[in-house]
Amino acid sequence: MARDPDTIQREIEQARDALAESLDALGERASPKRLVDAGKESVHEQLDDPRIRYGLMAVGALLAIAFIRRLFR
């Protein structure tokens, strides 16, 4: 059974619109800026944990002490 050309055209336009929306959504999800922002947020959340913050401070202090000792040897 033959279909009406207007119906076929309408279906093609609907499919095209749906594809455009899908591509826009994928583009937004894979945006480098969005990924960088998510990474920054994750790092900030990790650094808000006192165990990690103070651990990094301790490691930094030990490295500074080791560097200073090496300079004066």
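**Close-up 1. Glu 28 and the negative surface patch.** At 57% relative accessibility, Glu 28 is classed as exposed, because the threshold for that class is over 50%. In this predicted model, Glu 28 belongs to helix α1, which spans residues 5-29. Together with Glu 13, Asp 17, Glu 21 and Asp 24, Glu 28 makes up a negative patch on the surface.

**Close-up 2. A nonpolar surface patch that includes Leu 71.** Four residues, Phe 67, Ile 68, Leu 71 and Phe 72, build a nonpolar patch on the surface. Their combined accessible area is about 500 Å². Leu 71 is part of helix α3, which covers residues 50-71. With a relative accessible area of 55%, Leu 71 is exposed.

**Close-up 3. Ala 66 in helix α3 and its separation from Lys 33.** Ala 66 is located in helix α3. Its relative accessibility of 44% places Ala 66 among the partly exposed residues, since that class lies between the limits of 20% and 50%. Lys 33 stands 33 residues away from Ala 66 along the chain, and the C-alpha atoms of the two residues are 38 Å apart.

**Close-up 4. The salt bridge between Glu 11 and Arg 3.** The model contains 4 salt bridges. One of them joins the side chains of Glu 11 and Arg 3, with an N to O distance of 3.0 Å. Glu 11 is partly exposed, at 35% relative accessibility.

**Close-up 5. Salt bridges of Asp 48 with Arg 53 and of Asp 49 with Arg 51.** Asp 48 pairs with Arg 53 in a salt bridge whose closest N and O atoms lie 3.6 Å apart. Asp 48 is exposed, having a relative accessible area of 53%, whereas Arg 53 is partly exposed at 35% relative accessibility. The side chains of Asp 49 and Arg 51 form a salt bridge with an N to O distance of 3.0 Å. Within this pair, Arg 51 is exposed at 68% relative accessibility, and Asp 49 is partly exposed at 21%.

**Close-up 6. Confidence of the prediction along the chain.** Mean pLDDT over the chain is 90, and 99% of the residues reach 70 or more. Confidence in the chain is highest in helix α3, at 93. The lowest value belongs to helix α2, residues 32-47, with a mean of 90. Predicted coordinates should not be read in detail where pLDDT is low.

How values were computed:
Residues are numbered from 1 along each chain as its sequence is written. This is a predicted model: local features need pLDDT of at least 70, side-chain atom pairs count only at pLDDT 80 or more; totals for chains, interfaces and linings use all residues. Side-chain values use heavy atoms; hydrogens and water are left out. Patches are made of residues with over 30% relative accessible area and no salt bridge: like charges are joined within 9 Å, nonpolar side chains (Val, Leu, Ile, Met, Phe, Trp, Tyr) within 5 Å. Accessible areas come from the Shrake-Rupley method with a 1.4 Å probe; for residues, only the protein chains shown count as cover. Lys and Arg count as positive and Asp and Glu as negative; His and the chain ends are not counted. The place of a charge is taken as NZ of Lys, CZ of Arg, CG of Asp or CD of Glu. Helices (H or I, at least four residues) and strands (E, at least two) are DSSP runs, numbered from the N terminus. Buried means under 20% relative accessible area, exposed over 50%, partly exposed in between (1.4 Å probe, protein chains only). pLDDT is the predictor's confidence in each residue, from 0 to 100.
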